[in-house]
Structures are given as C-alpha cells and as structure tokens.
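Here's a quick look at how two protein chains meet each other and a strand of DNA. Have the structure open while you read.

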There are 2 protein chains.
Amino acid sequence: MYRAVIESSEHPTADTVYQTVRKQCPDISLGTVYRNLGRLVECGAIRKIGVSDGSDRFDGTLAEHYHLLCSGCGCVADIQLPELGKQIRQVGRESGLEIQGYELIIHGLCKDCVQKQIKENE
Amino acid sequence: MYRAVIESSEHPTADTVYQTVRKQCPDISLGTVYRNLGRLVECGAIRKIGVSDGSDRFDGTLAEHYHLLCSGCGCVADIQLPELGKQIRQVGRESGLEIQGYELIIHGLCKDCVQKQIKENE
DNA sequence: TCCAAAACAATAATGATTATCATTTCTATA
DNA sequence: TATAGAAATGATAATCATTATTGTTTTGGA
C-alpha cells in the first residue's frame, strides 16, 4: 500500500508521502507515515536517503546507486558508480574496519537545470 | 583563533567547539560559535561534514578525504578514496550534470572498536 | 463474543540549527 | 581624541524535521 506510493514517486520526503497518502486516507497522521516508512526501511523494503541539509528522502530502488540533489529544482537524480561499493569494502578490509553502510550525496545541477542555464546565457 | 581549536581537535561538532572555546572565553554564546564556524566554512578555511543522523561536524583538513562514523565509540575516522572525486567528475561530464560538491559518510566500526569486538568474542 | 496486542491520530517534546534584536566593540576618518 | 557607522556579539526566540507519548480504535484469534 505504501510501497506503491513510494515506488511510483521520485525519492519523496516523508512529508510528500504524507500529502500523497492523504488523498486516499484523509485522516492519516504524519506520525503514522513516519512510523510505517521506518518499518519499511527496517525490513529492507525501501531505503532512506539521509540528506544532511534537508528532509530525509525515501527510495524504492534497492539496487546499488547514489544520488544527486539538484540545487536548481530540488529534484533527486540517480547516479551510477559501480565501483564505489567495491572500493569502500576494499578500504575496510585493508584498514581493519567494519563497514556497515555508506551514503553518498552529490550536490549540483541536474541535466535539465544545466540545459536551462545554458539557454539563459545565450 | 577558532582555527586552532578546529585543527587541534578531531572533527568536533559545533557544541564540542563551543565547550572548548568556553574555557578561554566563558561568555561566548553558541550562536556566535555557529556563526563563526559558518563563516570559516564559507571562506573555505574549514569544511563541514553533514552527518544526516546527528550533529554536523567540522574538519580542518582540506585535502580530499572521506569519513567513517564509528557506531561503536562515535568517533570520526578519515578514509582515503583517491579515485572517488575523479569518478564523480567523470559521471558528471558523461551525464551532463554540474557537480558542485559531494559528501560520503561511511557507517561502521573503527579499527579500535573492531579490535575490542574481537577480544570480547574470544 | 471477548480480550489482548497492535495500530492509530493527535499532540507534545526534542534537538540541532538559524534568526532576531538590542547592545557592545571595532574602525576609520575628521 | 572624538565620533559616526559598521560589524560582531550574547541572549533568546523561532524553526524544522523527527521522535515520543498518550489515550483511543481496530484487529485477529481463542
């Protein structure tokens, strides 16, 4: 039920999920959304993207990938970096660390905003 | 003045800096610490490490490196991943993005906590 | 049907950070 | 040296996302 919401939308924040779900269940509370999103994260159905300077976002795509947070339009774009996980695990092995997880957030402009900027400068 | 504090300590939070500076200037306010740390970040003298599930931390080392946030003792260890910046810039070029910055936080156990764990299991 | 456990809505609490505002401290120039 | 204007500061309030609490409602099994 929530899963559909999350997988359909693009990296929504808890509040965005709340607004969406409210269309179907107008009496749902924000606390319930947080609680259930937390549960879905806990059981591995979705993933939480911790953005340090903003609200956390949720992602239904479990395959390894990273995120670009666009400072132009605020969207979150997927980024493929197939070697990163391998590299981090290797550093962990070499340095005697235990890697439990990692999050990479790239800040910048998405493809559309870059295009927009180019047009403005013409 | 602040710089010394920051460079001496190990990735302190704003509050840690506040506690440290208070020993010299007992009347300084937390707001001033935040303000001046922000200024130092703005002019590039130090760097802010945005930890999504906790307080931000500040780092006087400007050379490219990343961080492991230890879930055992709460310390922050430096991690070298010399290829990461290059890879991100390459992806940016290939995908038509403008990269403005990026932050990688690794969660896990530091060397000491791994050792501690091994001893406990003996 | 009944009862315990789980889920819920509403709201309060928390914690880090930022904004506000009145006051103090610099700074440069006459 | 005096002084006006700018910048910095301390104290405190405000903000924002998230979590905790509490009392009520729903649910599923005996």
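What follows covers the contact between the chains and then the DNA surface, all taken from a predicted model.

## Where the two chains meet

Let's start with the protein–protein side. Chain B touches chain A through 32 residues, and 32 residues of chain A are in contact with chain B. Together the two chains bury about 2,600 Å², with 59% of that on carbon and sulfur atoms. You'll find 0 salt bridges across this interface, but 14 residue pairs are in polar contact.

On the chain B side, α4 (84–95), β5 (98–109) and α5 (111–120) each supply at least two residues. The most comes from β5(B), with 12 residues. By class, the side of chain B that touches chain A splits into 16 nonpolar, 12 polar and 4 charged residues.

## A strand pairing across the chains

Strand β5 (residues 98–109) of chain A and β5(B) run antiparallel, joined by 11 bridges. To find your bearings, look at A:Ile99: its bridge partner in β5(B) is B:Gly108.

## Around DNA strand C

Now for the DNA. Both chains have residues around strand C, including A:Thr32, A:Arg35 and A:Arg39 along with B:Tyr34 and B:Ser55. Of the strand's atoms that come within 4 Å of the protein, 82% belong to sugar and phosphate. Helix α3 (residues 30–42) of chain A gives the most to this surface, with 4 residues. Sorted by class, the surface has 2 nonpolar, 4 polar and 4 charged residues.

Which atoms sit by the phosphate oxygens? A backbone N or O atom of B:Asp56 lies 2.8 Å from one, and a backbone N or O atom of A:Ser29 lies 3.1 Å from one. With A:Asn36, an N or O atom in the side chain is 3.4 Å from a phosphate oxygen.

Definitions and conventions:
Residues numbered from 1 in each chain as written. Chains lettered and ligands numbered in written order. Predicted model: local features only at pLDDT ≥ 70, side-chain atom pairs only at ≥ 80, totals over all residues. Heavy atoms only, no water. Near = heavy atom within 4 Å. Polar contact = N/O pair within 3.5 Å; in protein donor to acceptor, adjacent residues only side chain to side chain. Nonpolar A, V, L, I, M, F, W, Y, C, P; charged D, E, K, R; others polar. Contact = heavy atoms within 4.5 Å. Buried area = accessible area lost by both parts, 1.4 Å probe. Salt bridge = Lys/Arg side-chain N within 4 Å of Asp/Glu carboxyl O. Pairing = 2+ DSSP bridges.
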